[in-house]
Amino acid sequence: MSEILIRNADVIVTMDDSRRELRAADLRLKNGIICESGEGLHSDGACIDASGCVVTPGLVNTHHHLYQSMTRAVPAGQDALLFGWLKTLYPIWARMTPEHFHVSAQVGLAELALSGCTLSTDHLYLYPNGTRLEDTIHAAAELGLRFHPTRGSMSIGESAGGLPPDALVETEASILEDCIRLVDAFHDPAEGSMCRVGLAPCSPFSVTRDLMRETAILARDKGVMMHTHLAENDEDIAYSLERFGCRPGQYAESLGWVGRDVWHAHCVKLDAAEIALFAQTGTGVAHCPCSNCRLGSGIAPVRALRDAGVPVGLGVDGSASNDAGNLVAEARMAMLLQRVANGADAMSAREALEIATRGGADMLGRPDCGRLAVGKRADIAIWDVSGIETAGSWDPAALLLAGPSTVRDLIVEGRQIVRDGQITTLDLSAVIARQNTLAQGLMDGA
């Protein structure tokens, strides 16, 4: 792989161990790795002029449902709470095919890339009409984004007291069998890996205790991470108390779902004891502020989580509950909500950016990503700060206060997948047109 020299950046926000910010500086990349930083660097390879730009690590998205980009702004779900929203959308999702899942993943990942994301997870927990997890894995490989998909699952349908329709649940034996198949086929634990696979029962109200427990045993046997939804809103807490006789954090602990190999989505309603449990065990939280606002779930206690030492990353969640997949906009919202809840000094722009970069990378077990330092992966976002969004800004590195919402250039593993604001690896206009056609078919069948 040839070298790339990024030169003359106004500021390089490294997010390294010292949180250095380099002025008028360069980065040299080779074989997908950062090999040098400083001033006046030289290279025989390609050169990217970053004059008028701020350079940051690529952002890390720790929770998503990529298939939902096919069902944005569905009218009957626009003003519903979580459980009602799910009831509205389950029948639509049940009609989707492998092509729907592949194309929606292309769209969702491209949207993330344009917002500065270089590493994304995905939580795919329903598999109608022959859909498989690799429908999304192939989409990520085509785009060139670093990917951490999770094999989700639902095993309790309506007839058994669960929330999803029976047509969308699977037998637990087939779920576990497919988990083994996917880890064996696609999980790469090596440093610099472009694809790691996690295991991810959907939620406490859509799978059994046995499946949660067996999934944890399997994940640890295979050495992969574990993910689920937890304590998302008041309905979630009430369900846990009624069905399990305990709060969600206690339920997770009883089934082996705490530890450094576990991260939970949302956690809006964790109490002080649950926060202490997560801190003690190193259990992570994927914070999804825009979706939490959209569904009226509340403001997650991110300040308390961070102060306690809980690993926290950022997630856009699905585009059916966010309606967008812009990760830098999500970081700004995370900062603003903590200020609403706790005061203007509760979270700085730089701390929110840290959560969106090295915070998410560390939570996913990827210390090779999320920072710009020699020996780390060449996952880099270049933000043009010469435009109207930053006109008059005294601090260009405070991107979440005054900065662009899309990148100028994005590099993943040393490969430029966004150049001058355009995806280089896909015919994005053709992908969008195909998504619109497929979404129209779902609307016509509703």
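Let's start at C290 in this predicted model. Leaving aside its neighbours within four places in sequence, C290 is in contact with S321, N322, E330 and M333. The cysteine itself is found in helix α9, which covers residues 289-294. Is C290 buried or exposed? With a relative accessible area of 17%, C290 falls under the 20% cut-off, so it counts as buried. If you would like a distance to check on screen, try the C-alpha atoms of C290 and A329: they are separated by 8.9 Å, although the two residues are 39 residues apart along the chain.

Two of those contacts, E330 and M333, bring us to helix α11, which spans residues 327-342. Two packed helices are described by the angle between their axes and the distance between the axes. For α11 and helix α12 (residues 349-363), the angle is about 130° and the axes lie 9 Å apart. That angle is neither over 145 degrees nor within 65 to 115, which means that α11 is oblique to α12. The crossing in which α11 passes α12 is right-handed. Which residues make the contact? On the α11 side they are A331, M335 and R339, and from α12 come A349, A352 and A356.

Next, have a look at the nonpolar interior. The largest nonpolar core has 118 residues, and the members that touch the most others are W85, L86, W93 and F278. Helix α2, residues 98-114, gives the most to this core, with 9 residues. W93 is a good place to zoom in: beyond its neighbours within four places in sequence, W93 is in contact with Y67, Q68, T71, W85, L86, Y125, L126, P128 and A320. There is also a second, separate core of 18 residues, and A50, L372, I382 and I411 are among them.

Finally, turn to the strands at the start of the chain. Strand β1 (residues 4-13) and strand β2 (residues 21-30) run antiparallel and are joined by 7 bridges. β2 is also joined to strand β3 (residues 33-38), again antiparallel, through 5 bridges. R28 is a handy residue for following the pairing across these strands: in β2, R28 stands opposite L5, and R28 also stands opposite E36 in β3. How many residues lie between β2 and β3 in their hairpin? There are 2, and N31 in the turn has a positive phi of about 55°. As you look along these strands, keep in mind that in a regular strand the side chains alternate between the two faces of the sheet.

How values were computed:
Residues numbered from 1 in each chain as written. Predicted model: local features only at pLDDT ≥ 70, side-chain atom pairs only at ≥ 80, totals over all residues. Heavy atoms only, no water. Helix = DSSP H or I, 4+ residues; strand = E, 2+ residues; numbered from the N terminus. Buried < 20%, exposed > 50% of the residue type's maximum accessible area, 1.4 Å probe, protein only. Contact = heavy atoms within 4.5 Å. Pairing = 2+ DSSP bridges. Core = buried A, V, L, I, M, F, W, Y, C linked by side-chain atoms within 4.5 Å. Axes fitted to C-alpha atoms, helices over the stretch in contact; angles between N-to-C directions. Parallel < 35°, antiparallel > 145°, perpendicular 65-115°, else oblique. Left-handed = near helix turned anticlockwise from the far one by under 90°.
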